[in-house]
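Got the structure open in your viewer? Then let's take a walk through it together, one selection at a time.

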Amino acid sequence: MEHKKLLDFLGKKTLKLISLLIAVCFVSFWLIEQSPIDPVRSYIGEMAITPEKRVQLEEYWGVNTPPAEKFLNWAGNIVNGDFGTSLIYKIPVIDVIKQRFTASLILMATSWLISGVLGFTLGIIAGMNKGTLIDKAIKVYCYTLAATPTFWLALVLLMIFSVQLGWFPIGLSVPIGVTADNVTFLDRIHHLILPALTLSVLGVARIAMFTRDKLIEVLSSDYVLFARARGEKGLNLVLRHGLRNVALPAITLQFLSFSELFGGAILVEQVFSYSGIGQAAVDAGLKSDVPLLLGIVLVSAVFVFIGNTIADIIYEFVDPRIKQEDVQ
């Protein structure tokens with residue numbers, strides 16, 4: 001019975017994903033077509049070119065191709081697994097996405113783990129010490145972070161730790177002037193630390209406050225009061241009765257944060273000139289590289305959908321106390 005329920009669940013999720021991708025394709029393509037940016041002018045900058053060369057570039061960019069024809073051609077290729085060729089990188093879109101998304105995935109995964117562990121720990125500490133100075137300090141810290149723009153914090157950390165102290169590189173994901181074969185693991189870690197720290201610090205507030213409130217709710221429940229009456233107290237009480245009751249909801253919330261994680265990564269990559277999928281998306285948007293931009297949009301939609309699906313699976317199958325109907 002549980003196996004059939006899982007298959008039905010995955011079938012519904014697959015249909016939702018297909019519907020989502022179709023809607024994303026239509027909306028994204030329409031928004032790009034409304035852009036006032038001239039792709040040819042954006043590509044050549046201030047460089048003077050002949051009228052014949054401009055005509056060639058307009059044909060290459062498909063400037064004069066009717067939108068409906070352009071969309072049908074692109075959608076037909078997508079169905080066949082062909083994302084097209086990037087107009088600015090001159091290589092297949094799927095290759096650009098593979099290269100850039102790998103770097104972004106490392107950044108996002110590192111930040112996701114750090115923010116989850118740190119946020120959960122701070123939430124437990126605040127919940128255990130409700131009303132104390134420690135609790136108030138953690139709440140102030142979280143509220144301040146929640147109101148802090150990602151790009152502003154990135155700039156502040158960049159100026160302090162890279163420009164003034166010189167502890168970390170000013171930008172990029174690898175050292176300048178070093179070939180890919182000569183880039184060491186420590187070099188990549190050195191360039192990753194500051195962007196990952198920026199992205200993870202901003203993700204702490206949500207999980208910390210949720211864990212705090214959930215733990216306070218659990219500690220005020222009847223079965224915990226009964227445990228206190230039996231002599232249990234302190235950290236042992238929290239570990240036995242509080243931790244396991246707040247862990248799964250906190251993990252679920254962390255998976256639901258994939259969209260914020262992806263959006264924050266785009267801003268962080270821009271500030272630190274980190275060669276990830278976010279920076280590629282900005283370049284594609286500013287230079288009207290339609291195939292690349294649409295490919296990135298589709299991949300990001302799938303990425304966020306996967307995070308939400310994992311969260312739904314935890315709600316539906318891992319934690320029997322929570323029903324799917326309660327969160328829809």
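Here is a short tour, from the whole chain down to single residues.

**Stop 1: the whole chain**

Before you click on anything, keep in mind that this is a predicted model. Show the chain as a cartoon and you'll see 13 helices and zero strands. Follow the sequence along and the pattern reads α-α-α-α-α-α-α-α-α-α-α-α-α.

Now switch on a surface. The accessible surface of the chain comes to about 18,200 Å², and carbon and sulfur atoms account for 67% of that. Of the 328 residues, 42% count as buried. Contacts often reach across the sequence too: among those with a separation of 6 or more, 73% join residues 24 or more positions apart.

**Stop 2: two helices that pack**

Next, select residues 93–128, which is helix α5, and residues 277–286, which is helix α12. At what angle do α5 and α12 pack? The angle is about 130 degrees, and the axes are 7 Å apart. That makes α5 oblique to α12, since an angle over 115 degrees but not over 145 is neither roughly perpendicular nor roughly antiparallel.

Zoom in on where they meet. On the α5 side, pick Ile 97, Arg 100, Phe 101 and Ser 104. On the α12 side, pick Ile 277, Gly 278, Gln 279 and Ala 280. Colour this contact by class and you get four nonpolar, three polar and one charged residues.

Stay on α12 for a moment and pick out its buried residues. They are Ile 277, Gly 278, Gln 279, Ala 280, Ala 281 and Ala 284.

**Stop 3: the nonpolar core**

Time to go inside. Which residues of the largest nonpolar core touch the most other members? Select Met 108 and Leu 292: in this core of 61 residues, those two hold that place. The helix that gives the most to this core is α13, with eleven residues.

There is also a second, separate core of ten residues. To find it, try Phe 120, Val 218, Val 238 and Ala 250, which are among its members.

**Stop 4: Leu 292, up close**

Go back to Leu 292, which lies in helix α13. Is Leu 292 buried or exposed? Leu 292 has a relative accessible area of 0%, so it counts as buried.

Show what surrounds it, skipping anything up to four places away in sequence. Leu 292 touches Ser 86, Ile 88, Tyr 89, Val 93, Val 96 and Ile 97, along with Ala 280 and Ala 284. You've already met some of these: Ile 97 and Ala 280 are part of the α5 and α12 contact, and Ala 280 and Ala 284 are on the list of buried α12 residues.

Now set up a distance between the C-alpha atoms of Leu 292 and Leu 87. They come out at 7.7 Å, although the two residues are 205 residues apart along the chain.

**Stop 5: along helix α13**

Select residues 290–318 to light up helix α13, then click on Gly 295 within that stretch. Gly 295 is buried because its relative accessible area, 0%, is under the 20% cut-off. Beyond its neighbours within four places in sequence, Gly 295 is in contact with Phe 83, Val 93 and Ile 97. Try another C-alpha to C-alpha distance here, from Gly 295 to Cys 25: they are 9.4 Å apart in space and 270 residues apart in sequence.

Carry on to Thr 309, also placed in α13. Thr 309 is buried, with a relative accessible area of 12%. Leave out residues up to four places away in sequence, and Thr 309 touches Phe 9 and Lys 13.

**Stop 6: some unusual backbone angles**

For the last stop, turn to the backbone. Most residues other than glycine have a negative phi. Which way does Lys 90 go, positive or negative? Lys 90 has a positive phi of about 65 degrees, although it is not a glycine. You'll find Lys 90 in the loop between α4 (67–79) and α5, and at 43% relative accessibility it counts as partly exposed.

Hop over to Ser 273, in the loop between α11 (258–272) and α12. Its phi is positive as well, near 50 degrees. Ser 273 is partly exposed, with a relative accessible area of 31%.

Finish with Ser 288, just after α12, where phi takes a positive value of about 55 degrees.

Methods: Residues are numbered from 1 along each chain as its sequence is written. This is a predicted model: local features need pLDDT of at least 70, side-chain atom pairs count only at pLDDT 80 or more; totals for chains, interfaces and linings use all residues. Side-chain values use heavy atoms; hydrogens and water are left out. Axes are lines fitted to C-alpha atoms, for helices over the stretch in contact, and angles run from 0 to 180 degrees between N-to-C directions. Helices (H or I, at least four residues) and strands (E, at least two) are DSSP runs, numbered from the N terminus. Angles under 35 degrees count as roughly parallel, over 145 as roughly antiparallel, 65 to 115 as roughly perpendicular and the rest as oblique. Contact means heavy atoms within 4.5 Å. Ala, Val, Leu, Ile, Met, Phe, Trp, Tyr, Cys and Pro count as nonpolar, Asp, Glu, Lys and Arg as charged, and the others, Gly among them, as polar. Buried means under 20% relative accessible area, exposed over 50%, partly exposed in between (1.4 Å probe, protein chains only). Accessible areas come from the Shrake-Rupley method with a 1.4 Å probe; for residues, only the protein chains shown count as cover. A nonpolar core is a set of buried Ala, Val, Leu, Ile, Met, Phe, Trp, Tyr and Cys residues joined through side-chain atoms within 4.5 Å.
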